[in-house]
Amino acid sequence: MRNVPGRRLFLGGNEIYVEESGSGDTCVVFESGTGAGRLLWDPVVALLGDSVRTVAYDRAGRGRSKRIGPPQSIDDMSDTLAALIEQLAPQRLILVAHSMGGLVVRRAIDKMSPQPVGIVLVDPTPEQAPIYDDWTATAKKTDRILAVEQSLSRIRPLMAALTRSYGRMFPAPTYATMLAEDFTPAGFAQTRNELQAVAAAITEFRTRPPRRPDTDVTVISAARPTRFQTRSFDAIHEYQRRYAEEIGAVIEDADSTHLIPAERPAQIAAAVHRLSGAEPRGAQQKGPA
C-alpha cells in the first residue's frame, strides 16, 4: 500500500482528504474524472518532483473523503474545488483535470478570483458533442453495468482479476490502494453518483455554459479509443478540438487511450512545466510508494 502523508480539510460541511508534495510559488491542483480520486495522479506527481507544489484530493464521498448529505452535483463539486483552492491560498495556480473533472474545473473558474495562470484539460468531456444529445439513456445503461460491478466488488479476488489492467498501468502500491478504496462497493456507489452528476450537467452546460477561461489552456486529447468508445471516439476527439480552437487553447494528441494520466504522464507533466515556467527538479521515474 502507498505510504503518502495527507491531511483532512473541512469544506462545505464535507471532510476532504488532501495530499500535497513539492514546493515553490506555483501550486498545481488535480481534479479527477468519474470513478477516480487522488490516486489517478500518482504517475504525474512523481514526474513533477519538487519543481511545483502539487495537491491531489478525493472528492466528497470518494476514497478517504467523507460526504454529509445527498450526492454532489457538478456545481457542488466545483464549489468544493473553489473552497479548497481558497483555503490553500496559492500564489500561482495551475489546474489539471481529467475527463469529467474538466466540467468541474471549468465551472469552478467562474467562482475564482484571481484566475489560474494555466489549465490542462486531459481528454475532457466535450458536452457539445452529438453523442451527448441522449446521454441520459446511455448513463442509465452504464449505471446498470456499474450496479453489477458494485455487487461483484464484494468478491475481492474477482475484483483483482477484473482490474488487473490497472495493475499494469499504475505503480503496485497505487494499484493496491485503488483496490482497497475505489474498486469497492462504496467506490462503485460513488462512481454511479458521479455518472448521474455528469448526465445532469450536460444539459446545464449546454444552456448555461461556463465563461471562457481567461488564461493559457492546454487540451490533451486521447488518440486511441478504448473498446467502449469505438462509436463515439471520433465525435469526442473532434469536439475537444473544436472547444480548444474556440478558446484559443493549445491542443495535443496523446498516444494513449482515455487513461492518459497512467499511459502518458510525462506529457501532462511537460504541459504543467510549460505553464509554470519551472524546470523539472528532483523528479522521480517511479510513482509514490
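Which residues lie nearest the centre of the largest pocket? In this predicted model, they turn out to be Thr142, Tyr166, Thr226, Phe228 and His258, out of 47 residues that line the pocket. The space itself comes to about 2,100 Å³. Several helices chip in: helix 4 (135-152), helix 5 (156-162), helix 6 (164-169), helix 8 and helix 9 (233-247) each give two or more residues to the lining. Helix 4 supplies the largest share, with 7 residues. As for chemistry, the lining splits into 22 nonpolar, 18 polar and 7 charged residues.

Then there is the second largest pocket, with a volume of about 320 Å³. Its lining runs to 21 residues, and Arg106, Glu127, Gln128, Tyr243 and Glu246 are the closest to the centre. Here helix 9 makes the largest contribution, 6 residues. Sorted by class, this lining holds 12 nonpolar, 3 polar and 6 charged residues.

Away from the pockets, what about the packing? In soluble globular proteins, nonpolar side chains tend to be buried together. The largest nonpolar core in this model has 82 residues, and Val29, Phe30, Ile74, Leu81, Leu84, Leu95 and Val96 have the most contacts inside it. Helix 8 (residues 185-207) provides the largest share of this core, 8 residues. Ile74 makes a handy example of the packing: leaving aside residues up to four places away in sequence, its contacts are Met100, Leu103, Val104, Ala197, Val198, Ala201 and Phe205. Helix 8 thus turns up twice, giving residues to the core and also to the lining of the largest pocket.

Notes:
Residues are numbered from 1 along each chain as its sequence is written. This is a predicted model: local features need pLDDT of at least 70, side-chain atom pairs count only at pLDDT 80 or more; totals for chains, interfaces and linings use all residues. Side-chain values use heavy atoms; hydrogens and water are left out. A nonpolar core is a set of buried Ala, Val, Leu, Ile, Met, Phe, Trp, Tyr and Cys residues joined through side-chain atoms within 4.5 Å. Buried means under 20% relative accessible area, exposed over 50%, partly exposed in between (1.4 Å probe, protein chains only). Helices (H or I, at least four residues) and strands (E, at least two) are DSSP runs, numbered from the N terminus. Contact means heavy atoms within 4.5 Å. On a 1 Å grid over the protein atoms alone, a cavity is a set of points where a 1.4 Å probe fits but cannot get out, and a pocket is an open set with protein on both sides within 12 Å along at least five of seven lines; lining residues have an atom within 4 Å of a point. Grid points are joined across faces, edges and corners, and a volume is the space filled by probe spheres set on the points. Ala, Val, Leu, Ile, Met, Phe, Trp, Tyr, Cys and Pro count as nonpolar, Asp, Glu, Lys and Arg as charged, and the others, Gly among them, as polar.
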